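Good morning, and thank you for making time on the agenda. I would like to take you through one structure, beginning with a single side chain and working outwards.

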Amino acid sequence: TVARTLRLSAEDVKPETLFKDYVSWNSLKHMELVAAMEDAMGITFTAQEIARLVSLQAALELAVAHARE
């Protein structure tokens, strides 16, 4: 989902890299990623969770937290 949203290969997306460091990243891409994750997982993120979505690692942590609910 992240690689597709940023239009990158999966190998180019590293867990520790902040999304803002990718050239293709902007606020629209942020919301596209949020929507894609919410659709794929059948959930809705809170505003606080959306603000914390700054890297692949953060996205994975949010996904795991919601999977446990």
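**A lysine in helix α2**

Let me begin with K29, which is buried, its relative accessible area being 9%; buried here means under 20% relative accessible area, exposed over 50%, and partly exposed in between, with a 1.4 Å probe and protein chains only. Before going further, I should say that this is a predicted model, in which local features need pLDDT of at least 70 and side-chain atom pairs count only at pLDDT 80 or more, while totals for chains, interfaces and linings use all residues. Residues are numbered from 1 along each chain as its sequence is written, and side-chain values use heavy atoms, with hydrogens and water left out.

On confidence, pLDDT is the predictor's own confidence in each residue, from 0 to 100. The protein chain has a mean of 92, and 100% of its residues reach 70 or more. Among its elements, the lowest mean belongs to α1, at 88, and the highest to α3, at 95. Helices, I should add, are DSSP runs of H or I with at least four residues, numbered from the N terminus.

What does the side chain of K29 meet in a salt bridge? The partner is E32, at 3.5 Å from N to O; the criterion is a side-chain nitrogen of Lys or Arg within 4 Å of a carboxyl oxygen of Asp or Glu. The two residues are three apart in helix α2, and therefore about one helical turn separates them. E32, for its part, is partly exposed, with a relative accessible area of 33%. A search of the whole structure finds this one salt bridge.

Turning to the helix itself, α2 has 15 residues and reaches 21 Å from first C-alpha to last, close to the 21 Å expected, where the expected span is 1.5 Å times one less than the number of residues. At its N-terminal end, N26 acts as a cap, a side-chain oxygen lying 3.0 Å from the backbone nitrogen of L28; polar contacts of this kind are N or O pairs within 3.5 Å, one atom able to donate a hydrogen and the other to accept it, and residues adjacent in sequence count only if both atoms are side-chain atoms. Just after α2, G42 adopts a positive phi of about 65 degrees.

The buried residues of α2 are K29, H30, L33, V34, M37 and E38, and their cover includes α1, α3 and α4. From helix α1, T5 is in contact with K29, E32, L33 and A36, leaving aside neighbours within four places in sequence; contact means heavy atoms within 4.5 Å. T5 is buried, at 10% relative accessibility, and a polar atom of its side chain lies 2.8 Å from the backbone oxygen of T1.

L33 also belongs to the largest nonpolar core, of 17 residues, where V2, F19, L33, F45 and L53 touch the most other members. Such a core is a set of buried Ala, Val, Leu, Ile, Met, Phe, Trp, Tyr and Cys residues joined through side-chain atoms within 4.5 Å. The elements giving two or more residues to this core are α1, α2 and α4.

I close with R7, in the loop between α1 and α2. R7 is exposed, at 68% relative accessible area, and its phi is near 60 degrees, a positive value in a residue other than glycine. Most residues other than glycine have a negative phi.
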